[in-house]
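Hi,

Here's the structure I promised to pass along. Have a look first, and my notes on the two ligands follow underneath.

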Amino acid sequence: MTILFYSETDDPEPWRQAFAEQLPDIGFRVWPDIGDVRAVRYALVWKPKAGLLATLPSLRAILALGAGVDPIIEDASWSRSVPLVRLVDAGLAQQMSEYALYGVLHFHLRMDRYAQQQADGKWNQLPPVLAKDRTVGVAGLGVLGGDCAAKLASQGFRVIGWSRRARSLPGIETFEGEAGWPAFLRHTEILVNFLPLTAETRGLLDRNAFAQLPRGACIINIARGPHVNEADLIAALDSGHLGGALLDVFRTEPLPADHLFWHHPKVIVTPHVAAQTVAELAVSQVIDNIRRIERGESPLGLVDPHRGY
Ligand code: NAP
Ligand code: GLV
């Protein structure tokens, strides 16, 4: 039995070492050195090459090297009968919350405005806004969004959240479903996106959504690029309706060299680093899931293929 590792961005060595120590009976193969395709029981993957999964006839599960599984869901060659398992926190929540907190503080404290003032050599004190009077809207209240919402609330912000089903989180006003989206947007001054990319959430952050946000609202997108209509975002920033955007994810990654975001004065770009999978923190969850599956138990983080997350 073997496990096949495929990622163009993750180093396989710490994974190989942990598997050798903790599951020595399973061979560890790194793509393209697949060996006998019939022996591959598990695929440990990040953005697998289209069609790769269909070449593995004995797969018992696909184990994603991240929390988001949209590239696998979108791969027509994934047979829905093979369970798909994602990472549940595994070290990602702390990083995502740190990134979101940085972004919220950046816009809350008007660091964007002060950077511009410094460039213009201007000394101009803006009146303070207290955290309790600043509403941060967290879209997606799952493992990562829920952690961030709680941390922002503990910093004194007024936090509201939006999810598919009704959620109850201490100290956080929640909205749900399509019906709750307009009210959630109407109150949100800084929007942090934690949604998974699904058929329902693709393109959700478009001109209609931006128009419902209060004037001057800012966007932090740390979920997936295709949530955002990029042309609509640029138009909303240029018109002055939106105050700024901190973007970690994009429709095309790496972000093309000629993309307007690179030099837009109201946009900060980071290269999909809000939370990176660290083998040291994630390997025990993956190994535990393999053990569960081998015992006939359900793994942690089993994805519902119909829901898409
Ligand atoms: P999760 O636990 O599955 O949570 C997803 C949340 O989104 C849930 O609250 C869910 O609602 C909500 N949701 C899904 N579809 C919705 C819809 N149509 N309308 C309203 N709410 C909806 O996922 P997670 O572990 O927090 O991860 C979230 C995402 O973060 C990942 O999918 C990935 O794309 C992204 N991510 C990005 C980075 C990065 O470096 N930029 C790193 C890690 C993860 P319910 O509560 O009702 O189910
Ligand atoms: C990273 O983007 C992840 O989904 O874990």
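Which residues come nearest to ligand 1? They are Arg-86, Leu-144, Arg-165, Arg-167 and Tyr-309, out of 29 residues around that ligand. Do keep in mind that this is a predicted model.

On polar contacts for ligand 1, one of its oxygen atoms sits 2.9 Å from a backbone N or O atom of Leu-141, and an oxygen atom of the ligand is also 3.0 Å from a backbone N or O atom of Ala-275. Glu-200 joins in through its side chain, with an N or O atom 2.9 Å from a nitrogen atom of ligand 1. On its own, ligand 1 exposes 950 Å², and the protein buries 96% of that.

As for what makes up this shell, α5 (143-154) and β7 (158-163) each supply at least two residues, and α5 gives the largest share, with three. By class, the shell around ligand 1 has 15 nonpolar, seven polar and seven charged residues.

Now ligand 2. Around it you'll find Trp-46, Gly-66, Ala-67, Gly-68, Leu-92, Arg-224 and His-272. An oxygen atom of ligand 2 lies 2.7 Å from a backbone N or O atom of Ala-67, and a polar backbone atom of Gly-68 is 2.8 Å from an oxygen atom of the ligand. From His-272 it's the side chain that takes part, with an N or O atom 2.7 Å from a ligand 2 oxygen. Alone, ligand 2 has 190 Å² of accessible area, and the protein covers 86% of it. Its shell splits into three nonpolar, three polar and one charged residues.

Cheers

Note on methods: Residues numbered from 1 in each chain as written. Chains lettered and ligands numbered in written order. Predicted model: local features only at pLDDT ≥ 70, side-chain atom pairs only at ≥ 80, totals over all residues. Heavy atoms only, no water. Near = heavy atom within 4 Å. Polar contact = N/O pair within 3.5 Å; in protein donor to acceptor, adjacent residues only side chain to side chain. Areas by Shrake-Rupley, 256 points an atom, 1.4 Å probe, with all protein chains shown as cover. Helix = DSSP H or I, 4+ residues; strand = E, 2+ residues; numbered from the N terminus. Nonpolar A, V, L, I, M, F, W, Y, C, P; charged D, E, K, R; others polar.
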